Amino acid sequence: MWSSVKRYTAPHFIRPPSSISNRAMALVSNTGSIHRIGAGTVRYRGGSMAFNLPTHMESLKMKDNPIGSSSLSCSSGNITHGLHVDRVRMASKLGGRMIVAASPPTEDATVATEPLTKEDLVAYLASGCKPKEKWRIGTEHEKFGFEVGTLRPMKYDQIAGLLNGIAERFDWEKIMEGDNIIGLQQGKQSISLEPGGQFELSGAPLETLHQTCAEVNSHLYQVKAVAEEMGIGFLGIGFQPKWRREDIPIMPKGRYEIMRNYMPKVGSLGLDMMFRTCTVQVNLDFDSEADMIKKFRVGLALQPIATALFANSPFTEGKPNGYLSMRSQIWTDTDNDRSGMLPFVFDDSFGFEKYVDYALDVPMYFVYRNKKYIDCSGMSFRDFMAGKLAPVPGQFPTLTDWENHLTTIFPEVRLKRYLEMRGSDGGPWRRLCALPAFWVGLLYDEDSLQNILDITADWTTEERQMLRNKVPKTGLNTPFRDGLVRHIAQDIVKIAKDGLERRGFKESGFLNEVTEVARTGVTPAEKLLELYNGKWGHNVDPVFEELLY
């Protein structure tokens with residue numbers, strides 16, 4: 001066996017603060033540049049933040065549930081403590097408005113004249129706790145657009161035409177940054193652009209995987225209906241298989257310019273991450289601090305297993321690159337200050353407060369003030385909280401600034417007011433449905449979650465990191481203890497399937513795709529390499545048809 005089984009024992013948790021202070025906060029209203037164009041109106045919508053906030057390069061979106069005034073309880077282990085969240089105060093610090101996912105992420109609707117406290121930041125994360133009946137599934141996926149005739153990446157003017165066409169034909173609201181269209185919004189869904197024009201759907205919070213897959217299918221239908229008329233196709237793969245980074249267009253988004261300048265200072269592959277990768281991820285809820293900790297640990301331990309099952313990026317610039325998941329490999333040398341496997345999550349003292357401590361020490365990228373992105377790359381959010389951030393001296397952050405800072409942290413599992421599973425390559429539509437099915441079956445069923453905690457309880461920090469390091473290259477054939485990752489994956493997929501069946505929504509069929517991968521031990525990337533070395537005659541171009549949406 002690849003693991004000895006030990007019963008998971010809940011650790012002793014640090015008790016978060018009992019309440020946020022009731023200090024008044026003076027707010028000065030400003031006009032930001034986020035606007036949505038639809039039905040002839042420009043408006044903001046107030047509300048609390050949704051669990052399915054966007055992916056690694058995007059802004060955050062908010063949920064329609066109004067912020068109430070009731071207290072919130074988070075239980076840790078055998079301790080139940082009342083963590084009172086002054087939600088009216090939080091609403092004021094958020095500026096009482098919604099930030100659209102595709103829009104600039106840091107609309108400066110409020111300026112704080114009184115500093116945030118660490119307790120505010122902890123309470124913000126804790127306010128994501130919700131009862132199981134309110135748990136939802138948020139799926140996000142990215143894809144590469146290309147000209148069908150030349151296989152070249154879409155240019156921005158083509159992307160703008162596509163966005164305008166979708167908005168006009170299917171009644172989406174346009175998201176603008178200055179004079180440029182950079183995304184769309186419809187209800188709780190948004191379409192946004194990654195730095196190299198990767199087209200992303202950030203899905204609505206949904207109750208079942210049937211709804212999730214229907215959402216994906218509807219989105220792909222709408223995109224294809226407009227794109228095909230323009231001679232545009234979309235490719236479901238984890239890394240750009242043909243074109244150099246220099247061939248990729250740069251999207252007109254101020255946030256990305258700051259990141260593009262900063263990335264080469266902290267890693268050799270950050271620009272490749274920005275311009276040449278695509279992912280699929282799922283965002284999931286928790287009901288308490290203790291539940292968050294369990295799910296966070298399972299997510300991190302099993303993220304390399306998911307990376308192997310969904311590995312789908314074996315080509316770079318027209319040739320095999322030596323990896324099964326080049327996308328995953330790229331994250332190992334992008335920016336280690338803000339990525340990785342977060343071993344401290346497995347410490348007995350871990351909880352919301354420890355994640356806040358970690359996030360405060362992640363260097364900043366920017367603040368957004370007076371319709372401009374201000375470069376703060378490499379600077380300290382702790383200094384910002386003390387009013388000592390050099391580019392904006394004397395200014396204090398709002399919770400909006402904190403939200404936006406959290407979106408610039410890129411570990412394999414990320415905590416906001418929900419958990420993001422971030423370790424998988426983009427792929428064809430069946431795998432877009434399979435990825436949330438995998439994690440929902442593991443994390444939303446108590447028996448499955450406990451089974452995984454038992455299985456992984458004695459995995460060491462070194463073993464988890466070894467899996468993270470080796471899986472991008474060797475996939476399911478990575479050795480682990482006296483077996484292979486393939487053997488782990490087979491057991492894990494079975495546990496996920498059992499969890500889905502216990503949910504009672506007849507969702508287990510969504511796992512058929514990954515069940516076959518686990519059974520055979522052949523990853524999607526290895527199937528592509530077999531085609532490349534055989535039928536395709538060492539030519540990567542047919543992948544654009546093979547993985548065409």
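## Exercises: backbone angles and helix α14

Asn370 counts as exposed (over 50% relative accessible area, 1.4 Å probe, protein chains only), because its relative accessibility is 58%. This is a predicted model: local features need pLDDT of at least 70, side-chain atom pairs count only at pLDDT 80 or more, and totals for chains, interfaces and linings use all residues. Residues are numbered from 1 along each chain as its sequence is written, and side-chain values use heavy atoms, leaving out hydrogens and water.

**Exercise 1.** Place Asn370 and describe its phi.

- Step 1. Asn370 sits in the loop between β16 (366-369) and β17 (372-375). Strands are DSSP runs of E, at least two residues; helices are runs of H or I, at least four; both are numbered from the N terminus.
- Step 2. Its phi is positive, about 50°, yet Asn370 is not a glycine.
- Step 3. Most residues other than glycine have a negative phi.

**Exercise 2.** Do the same for Lys506.

- Step 1. The loop between α15 (485-503) and α16 (512-520) holds Lys506.
- Step 2. Phi of Lys506 is positive, near 55°.
- Step 3. Lys506 is exposed, at 75% relative accessible area.

**Exercise 3.** Check the span of α14 (residues 461-474) and locate its kink.

- Step 1. The expected span is 1.5 Å times one less than the number of residues.
- Step 2. For the 14 residues of α14 that gives 20 Å; the end C-alpha atoms are 20 Å apart, which agrees.
- Step 3. A kink of about 25° lies at Arg468, shortly before the proline Pro472. The bend is the angle between axes fitted to the seven residues ending at a residue and the seven starting there.
- Step 4. Just after α14, Gly475 has a positive phi of about 55°.

Definitions and conventions:
Buried < 20%, exposed > 50% of the residue type's maximum accessible area, 1.4 Å probe, protein only.
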